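Welcome! Have the sequence and the 3D view ready, and work through the exercises below at your own pace.

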Amino acid sequence: MRAFFIALVLSIPIIGHAQTPEIDSLERILPAMSDDTLKVQVLNRLTWKLRDVDLNRALQYGKRSLDIVHALQYKTKHAEILSFLGIIYRNLGDYASAFEYYHRALKIAKKHQQGIQIGYSYNNIGEVFKFQKRYDEAVENMKNAIKVFVKLGNKSGEAYGYLRMGETFQEQKKYDEALKAFFKVKQIRESTKKKKSLDVALNRIGVVYNLQAKYEKALDYLNQALEMNIKDKNLRGISDMQNDIAAVYLNQKNYTKAIEYAQKGLKGATSIPAHPIMQHSTKILNEAYANQNDFIKAYRYQKQYIDITQSLLNEENARRIQALQTNYQIEKKQTELDLKSKENRLLKIEQKENELRKELIYLLVGGLILTLGLVVAVIIGIFQKQKANKLLHIKNEQLIESEQIERAQAAQMKATNNELKTAQQELQIALEKEQQSHIELENAHEELKATQSQMIQSEKMAALGQLIAGVAHEINTPLGAIRSSIESVASALKDTLQKLPDLLTVLTPQEQALFMGLLDTSMNQTNVITLKEKKQLRKVLIEKLKTHEVPDARKAADILVNLRAEESYEDFLSLLKHAHSNLILHTSNKLSNILRGTSNIELAIRKAHKIVFALKNYAYRNPQEVKVQSDIKQGIETVLTLYHNHLKQGIHLERDYHENIPQIWCYPDELNQVWTNLIHNALQAMDFKGDLTVSIHNQNNRLEVIIADTGSGIPADIIDKIFDPFFTTKPAGEGSGLGLDIVRKIVQKHDGDIQVQSTAGVGTAFTVWLPLPDTTT
């Protein structure tokens, strides 16, 4: 009966993602279940249902299911739960873990020939490649997924594949192809009976229309998608749609509406929590409030955006530091309270001791007076002896009692001293704890510094990623030249080795010397002539050779022009009229080709070595994070070499370097990041066509580096903001707004300074000053 009930619950279609009666029912029956196979099915269902509602609970149920699957070796559900866990990590923003689980799911699905899971795994892997901007690999995986689903006749999976492919085209700004894919998704899902997940297709179409500035169409599709998610109670989908609507209003400069929808999206995403959606909300709110000149709120949301972004990279360190700070404050407060309590107790003990001392003095003085009285009484008269003896007995008893009191006081003082020693030991322990907390805080600070250094290295590698296509092209060019030259040399060498012995036997020593002279003449000619020029030279030379009665003048002219010996042909007439002239000319032409091929190979190798050396220097990172002496000119030349493919297209580069540029103490890999950002920004400002000037000079015991362009310039109303974090004038998705902020921080780290001068329509110049080493010490 229980198995029937569970099967009934699991057969309910997934129509909403809020806390539904189905979720409540599954969570109530789960603790009492004894059948592990049924338990896996319930856990998988809960994981899927909670993926857009409560990511933390979804992750807990998913990992419990995976543990049971491993123990049971439950083949049919293994790939499914791995895919579900990958989706949870994707929604959390942990793409590395998502990628790992997707690959494991694909491996298991292929092993057990589970077609649907194979298709979904390909599609999910393609999505992760999309996040990494590896679009060719992303599209390849998505096409594989579509093929699988079409073969299986699975319309839902086919639509899912086209959806991810459309998102990939959208990121590449191929908006027409993206719309074509999204409308395909819409067509497939409208053809199904329940029209499942139609809202996602409508949302993606609306987003693309927003990017194309077709705002009315965008709002129409996005509002349709929002209504569907509200009806289904899909909290994550509602928050995501509200952010996309807010983005449309932001582009329309309707900042009030943008703020209204972004705040709703942030509220819903925070309750899940869905960090990528929260990141999108805070970014929109920051820009909207900034455009309303409400800079206080803009700053607040900018700070939230930065915190969320950093939490995706370093959330564990943040929690650890917060815990250390909290423990430190608690222990410090407890130590202060303990010290205060000890001081109060010591004060009371001291007061009591003073009172006891006063009583002892009074008793001693009283005893002395009594003793004097006795002496006087004895002198006055013996007749009072009996009475005096009785009085003396009384006084002795009082003295004995006083002595007992003194002993008790001494014991009490000893106990007080012991308490003081205990208090001192407790104080020492508290101080040691405080010192340990301080050490832990310093360690946490060092870890934060290391994280910041890694962010700089990540920005540097991101810039290198933008250059990699050009660098690959620059390396492929000399490699192609080498391959072509080797093929030519190999062919010519084989032919020459066969015919050279025959040639040497038919030539006299004088003719052999003349033959070598012909080769020298060919190798000394380095200028390149066009095909048209060759044709003209050949025509003239044929007529000259005919006048000298050279046999087969046309063929001889072809080879002499190829050898570049057309001007000195008269020196070699004896060879041209030789009985074996064809063998002589053919062999000399082949040997000339071999020599020129080896020269071309040497030139190509030098060019490829230069590019590889530049790439190696750029990617190098000093693991010890210490300053070293470095040549600034060499660092700049490294960056220019990497940008050579861009520079040669339409950029005129002018170098203005001081003759004697001293080495400076610096972090060379970080300064290379400075030159990369400034040069890349200059090229973009000129749209890769114009004049780029790089100058290095010694100015007032400082090294001055200027990078100037002839681009459109920076508007005067934003030039003061360009070094602010996350400020960018580039379209969404093309810039993080961190480049110039990182540049300024690196320059300041070197005790340097950076300034910018820009004139609209003329260009921009960034000047960096770095301190030179003190030569007087």
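Contact here means heavy atoms within 4.5 Å. Helices (H or I, at least four residues) are DSSP runs, numbered from the N terminus. This is a predicted model, where local features need pLDDT of at least 70, side-chain atom pairs count only at pLDDT 80 or more, and totals for chains, interfaces and linings use all residues. Residues are numbered from 1 along each chain as its sequence is written, and side-chain values use heavy atoms, with hydrogens and water left out.

**Exercise 1.** Find which residues of H12 meet which residues of H13.

*Solution.* Start with H12 (residues 215-232) and H13 (residues 235-251), whose axes come within 9 Å. On the H12 side, look for residues including Tyr 215, Leu 222 and Ile 230. Among their partners in H13 are Ile 238, Met 241 and Tyr 249.

**Exercise 2.** Work out how H12 and H13 are oriented to each other.

*Solution.* First take the crossing angle, roughly 160 degrees; such angles run from 0 to 180 degrees between N-to-C directions, with axes fitted to C-alpha atoms over the stretch in contact. Next apply the cut-off: over 145 degrees counts as roughly antiparallel. H12 and H13 are therefore roughly antiparallel.

**Exercise 3.** Is Ile 482 buried or exposed?

*Solution.* Locate Ile 482 in helix H17 (residues 385-506). Then compare its relative accessible area of 15% with the limits (buried under 20%, exposed over 50%, partly exposed in between, with a 1.4 Å probe and protein chains only). Ile 482 is therefore buried. Finally, find Ile 605, 123 residues away in sequence, with a C-alpha to C-alpha distance of 7.7 Å from Ile 482.

Terms used. Helices (H or I, at least four residues) and strands (E, at least two) are DSSP runs, numbered from the N terminus. Angles under 35 degrees count as roughly parallel, over 145 as roughly antiparallel, 65 to 115 as roughly perpendicular and the rest as oblique.
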